[in-house]
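Me: I would like to go through a structure slowly, with questions and answers that show the reasoning. Could you put it in front of us?

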Amino acid sequence: MDRVPRGEGLKPAMYPIDSTGRDARLDIARGIAILLVVVGHAMDGAQNLAGWNRPMTALLVFIYTFHVASFFAVSGFLSRSLMERSWPEFMRILGVRIVWPYALWGTILMGIHFGLSQYTNTKLLSFAPWTLLWKPASVTWFLYALFLAMILLKALTGRPVWIILATGVGLVVASYTIPSPLYLRFIGVFVLASQLDQTLLDRLLTRNMLRICGITMLGTAAFAWQNAAMSTTGFPGLKFVFLPALFAGPLLLLGLCDWMERRQVSRKICAILALLGRRSMPIFLTHILFTAGARITLTALGIESISLVILLGVTAGVGIPLAASEIARRTRVSVILGWR
């Protein structure tokens with residue numbers, strides 16, 4: 001699901017393949033995206049602290065306009081080989097890589113949330129794991145949406161391209177026009193990205209197109225500032241005015257990763273970001289425990305410095321899951337934990 005076979009579509013000049021068979025730039029893109037996810041949640045948890053201001057709200061809204069969409073875009077782009085599998089093999093892979101981690105970590109996160117409700121920003125009145133069938137717990141909504149996106153795309157495989165594209169566009173539009181789960185738009189992004197091949201992606205990552213994306217994201221930043229005076233309850237950045245960022249953000253992110261490789265930006269930076277991208281699953285599933293834990297601990301100690309809460313929250317939210325994933329890899333329990 002996250003490997004790109006050599007010689008199948010991705011040209012070394014644009015997307016170099018490393019020794020493990022992975023696309024380095026897509027790993028870097030996911031690394032940046034997961035870092036933004038952790039930053040966003042650390043900031044979101046700090047909103048109730050004294051000193052929170054409008055610039056921070058604007059930054060929070062801006063991050064939320066594209067960071068999760070970037071994950072769905074990259075996943076959709078890499079999904080083609082998986083769609084060629086038979087239905088039994090396809091479902092087996094989804095069971096291991098999506099269903100199991102969703103069930104396991106959904107139950108764990110729900111249990112922890114219920115047990116610590118007196119300390120968290122939101123309260124959970126009961127522990128009911130069976131509700132995961134229709135109501136994802138915490139950050140596991142991402143896996144829930146990804147599962148639905150995979151099933152939908154598999155069902156559409158073999159249909160005319162225009163039907164697949166129309167479905168993707170329809171899902172995105174529907175999420176803004178009718179009451180619907182927020183992840184419908186991300187499923188739409190996934191479906192649309194699945195139709196990209198290397199030639200089309202090259203056309204989208206031209207200098208002129210990236211300039212347009214850059215201008216779009218500048219406009220998005222302006223709208224984020226305008227909306228910063230409003231409540232950010234729920235998932236910030238979902239208003240219709242942020243729709244262009246749903247597409248411009250991921251493209252600009254890929255363009256940035258391409259530029260980093262071409263200009264040979266610090267190899268250490270690229271290596272760290274690529275590592276985060278490869279370990280994005282354990283970070284995504286567990287970071288909320290450590291960002292919240294850092295905030296709760298600091299608050300209990302009487303420390304309410306927003307910058308310190310965010311900094312330590314991000315450090316813990318990235319560093320601890322990264323260390324845990326390395327231990328899991330070395331002890332060969334990654335599959336059991338759903339971190340494969």
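Me: How many disulfides does the structure hold?
Reply: This is a predicted model, in which local features need pLDDT of at least 70 and side-chain atom pairs count only at pLDDT 80 or more, while totals for chains, interfaces and linings use all residues. Residues are numbered from 1 along each chain as its sequence is written, and side-chain values use heavy atoms, with hydrogens and water left out. A disulfide is taken to be a pair of cysteine sulfur atoms within 2.5 Å, and the number that the structure holds is 0.

Me: Which cysteine has the sulfur nearest to that of Cys213, and how far away is it?
Reply: Cys213 is in no disulfide. The nearest cysteine sulfur belongs to Cys257, at a distance of 13 Å.

Me: What is the nearest cysteine sulfur to Cys270, and how far away is it?
Reply: Cys270, too, is in no disulfide. Its nearest cysteine sulfur is that of Cys257, which lies at 8.2 Å.

Me: Is Cys213 buried or exposed?
Reply: Buried means under 20% relative accessible area, exposed means over 50%, and partly exposed lies in between, using a 1.4 Å probe and protein chains only. The relative accessible area of Cys213 is 4%, so Cys213 is buried.

Me: How do helix α10 and helix α11 pack, roughly parallel or oblique?
Reply: Helices here are DSSP runs (H or I, at least four residues), numbered from the N terminus. Helix α10 (residues 207-227) packs against helix α11 (residues 243-262) at an angle of about 125°, with the axes 9 Å apart; axes are lines fitted to C-alpha atoms, for helices over the stretch in contact, and angles run from 0 to 180 degrees between N-to-C directions. Angles under 35 degrees count as roughly parallel, over 145 as roughly antiparallel, 65 to 115 as roughly perpendicular and the rest as oblique, so α10 and α11 are oblique.

Me: Which residues of α10 meet α11?
Reply: Contact means heavy atoms within 4.5 Å. On the α11 side, the residues met include Pro244, Ala248 and Leu252. On the α10 side, they are Leu210, Cys213, Gly214, Thr216, Met217 and Thr220.

Me: Why is helix α3 described as largely enclosed?
Reply: Helix α3 spans residues 67-77, and among its buried residues are His67, Phe71 and Phe77. The helix is largely enclosed by the rest of the structure because the buried residues number 11 of the 11.

Methods
Helices (H or I, at least four residues) and strands (E, at least two) are DSSP runs, numbered from the N terminus.
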